[in-house]
Amino acid sequence: MKRLFLALAALILAAHAHAHKASDAYVTLRVDGATVDARIDIALRDLDRDLDLDTDADDQLSWKEVRTRWADIAALARTDIRLSADGARCTPEAADAPALTQHSDGTYAVLRMQWQCMAPVQQLGVDYRIFATTDPTHRGIARVARADASTLQLAVLSPGKGWHRFRLPALPVAATASAAAADAPAPVAQPEADTAAAEDAPPWSFPGFVREGVHHILIGYDHILFLLSLLLPAVWTRSAVTDPRTGVTRTRWLPARNLRLALTNVLKVVTAFTVAHSITLALSVLDIVNPPSRWVESIIAASVVLAALNNIWPVISEARWKLTFVFGLVHGFGFASALKDAGLAKGALVGPLVGFNVGVEIGQLCIVALVLPVAWSLRGTRTYRGAFAGGSLAIAGVAGLWLVQRAFDLSLIAG
Amino acid sequence: MTIVAATRLALALLVGAAAPAFAAEESALQFPARDDAIVEHLPSHVGDAAERRAARAAERAQRDALQRHPDELGLALQAAHDALARGRLRGDPRELGVAQAALAPWWTRADAPPEVRLVRATVLQSQHEFNAALVELDAVLARPDVALPVRAQAELTRAGVQQVLGHFAEADAGCRRLVGADYFALGASVRQNGLACIAELASLQGHADTAAATLARLAGAPDAGSVAPGAPGWLALMRAELAQRRGDPSAGALFAAALKANPDVYTQCAYADWLLDEHRAADVVALLKGNEAADPVLLRVALAYRQLHGRDSPLTRDAAAMLGDRYDAALLRGDRSHGREQSRFELDLRGDTRAALALAQSNWHVQHEPADEVVLAHAARAARRDDAAEPLWQFLRETGGRDARLAVGGPNATPFLPAPATSPALQAARRSTP
């Protein structure tokens, strides 16, 4: 009882609060294909507690005391840090030569080692158990990135709290932040079970890529103008008109009478554009075809010029979807570079690809939904005819400037 | 749970900001050339080589025994208490984790034994999780079957937490229970704790002179300024801090006595703060040199260097840079319990008055110790934001507290005199304290 009250006296003082740097380890994981390069900095003070490094008990550690126990230190890291790639366990390899470093609160052992995974890593699982049974307030400050330093993610790992997943295909910025903030891994006992969980929670953010697709088409004036050029004449039909006075027959644009026919026109154009750009988008993202972007951008500009001029001097009028298809192929390469800019890494491609494409289609349908009703209701008016001709000319003019600046790498106007 | 949430929030905010900090974390590798090179100094054990070896062996034996019998509560509690004691001595928060690890089989259980909940409360309050600590303590005190010594300890710890939070009436009620009939069977030492606790609370509510006399009497000293040999170190520390608040120069001798009895990091830093106020920076360096592993020690050393050599001297800058790295590391793991000290760091070492004020304000939001008052007052004054210190003046008006260090012009100037409290309830509450 007496003993307790010695502690009691101290307790009242303990309430006068002080805080200090706690035990942290610094875990840097660089993912390069199927290889994970790790650098793990663990405080010598912590290692001494668990491994009793100070063999001569002089309250200081000599280099020899650390160096000769390196195998034990490496074994601790190998046992207490487990990695899985997309659900399959990765295998740790031998650690590099012993090294030390200084952090703000003392000397740390630096373990440099590699894990080999079965396949290129899309989602890295980390099961962190360092000091789980000896100091649960210890934390692993983890920094996970691809070898090129892209997709950097941070997490504070609590030991023994199960698998923490790092989603490695790069995401649109907003999605990255939320992925890194979500530090609550599903408690999975075995990494094999990990696979199912990984499929439940896709490593990339589908909505993020859909948003990216919508965004891209809505800020991509060249795509909008291309669509507009194709949509403007959809509410008209090209008909042969015979002048009753002269008897000369000419083909002219006339307001369509049949809404269904007009809608079919629109549908054909939009579908052709979708199918075409999906093909090249996929080819480019999958790295099968990768045309130089200057050519792609120039041809996209040219496609807008031609589509607009085709309205005024029709070369192809009935089967505009064919024209759309051909140029849609080029626009697909343009979308691909936008998707790559959004940070798509090689790997989990299909999801982001579909997501992005869905976004593009949504954006496209928004434009159709805005333009078509107006065009339909005004189709018989002089205003529309004027806007049609003037608009097409204007579009051709703007796109012509784009063509020049993209082909010759000048900066004339924004776009 | 709140820690997890706060950590997540901090992480989300840090995703961008922390990246450069992390680049710096990739610190240079070292490959010592000689086997006998000393690469790290461990927390030192007391005594000569043989005693140190024995102490180390005892720690190891305790850990091994616990590993073999992890379910033995007595063994686990002993290991936890030893860890907490080491933590207090060295100012090392790792020991809180060691205490937690020792009690792992009971730690997360709602029906944990009261002794375990008491340790849990101590760990939580050391992590500045004051409300969570109170939940544990209230649970211990709510059980009628808890052993009296455990109850007494819970009562005292609870009073301490309430005092840190500025809930003086709650704290006072707890201290009064300790001197009451309930704990009479436990004898004089509990009574002494209770009386000292009541006196300290009174000193924080405008009765500093009588409190000083009471504490001197409890310490067995013939007068307020002298130190009785054999008096407990914590009582000397309590008296030293009170003397410091009163601007009484006897604080120095009392701090020295407290430190002699109890050379822990808290006492070292408290003494160092007094020495810094007295412009005795050389003494601070002599006192603390070699213990910079603890963050609060490093802060005082850096402040002493600043006093001795100026803010831009290499010594000051190196110490400040290292301290900044440690605060960054703490922020990275979501630990925001450094506010009081970090505010001083920003104000006195980095000269960032805005950051200092923000930290002092968020710290004041949580805890209301005299040192928190000083930090907020200084930060507000430096930022020329009198309004920011208003909650502090309000608190002092309500409690009747005074502190020489809050005086305009430094610790030796005229003490700040708070306006008289207007609330009759408060007046009545104050009359009830001795």
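## Exercises on a two-chain predicted model

Helix 12 of chain B is followed by B:Gly247, which has a positive phi near 75 degrees. Helices here are DSSP runs of H or I with at least four residues, strands are E runs of at least two, and both are numbered from the N terminus. The model is predicted, so local features need pLDDT of at least 70 and side-chain atom pairs count only at pLDDT 80 or more, while totals for chains, interfaces and linings use all residues. Residues are numbered from 1 along each chain as its sequence is written, with chains lettered from A and ligands numbered from 1 in the order in which they are written.

**Exercise 1.** Work out how the span of helix 12 of chain B fits the expected one, and how enclosed the helix is.

*Solution.*
- Step 1: the expected span is 1.5 Å times one less than the number of residues.
- Step 2: helix 12 of chain B (residues 233-246) has 14 residues and runs 20 Å from first C-alpha to last, close to the expected 20 Å.
- Step 3: a residue is buried if 20 or more other C-beta atoms (placed from the backbone) lie within 10 Å of its own, exposed if 12 or fewer, and partly exposed in between.
- Step 4: 13 of the 14 residues of helix 12 of chain B are buried, so the rest of the structure largely encloses this helix.

**Exercise 2.** Describe the packing of helix 14 and helix 16 of chain B.

*Solution.*
- Step 1: take lines fitted to C-alpha atoms over the stretch in contact as axes, with angles from 0 to 180 degrees between N-to-C directions.
- Step 2: helix 14 (residues 265-277) and helix 16 (residues 295-309) of chain B pack at about 20 degrees, axes 10 Å apart.
- Step 3: the two helices of chain B, 14 and 16, are therefore roughly parallel (angles under 35 degrees count as such).
- Step 4: contact means C-beta atoms, placed from the backbone, within 7 Å. On the helix 14 side of chain B, the residues include B:Val265, B:Cys269 and B:Leu276, and on the helix 16 side B:Val297, B:Arg300 and B:Leu303 are among them.
- Step 5: the residues of this contact divide into 8 nonpolar, 2 polar and 2 charged (Ala, Val, Leu, Ile, Met, Phe, Trp, Tyr, Cys and Pro are nonpolar, Asp, Glu, Lys and Arg charged, the others, Gly among them, polar).

**Exercise 3.** Put the two chains side by side.

*Solution.*
- Step 1: chain A has 13 helices and 14 strands; chain B has 22 helices and 1 strand.
- Step 2: 50% of the 415 residues of chain A are buried, and 48% of the 434 in chain B.
- Step 3: among contacts with a separation of 6 or more, residues 24 or more positions apart account for 74% in chain A and 48% in chain B.

Methods. Parallel < 35°, antiparallel > 145°, perpendicular 65-115°, else oblique. Contact = placed C-beta atoms within 7 Å.
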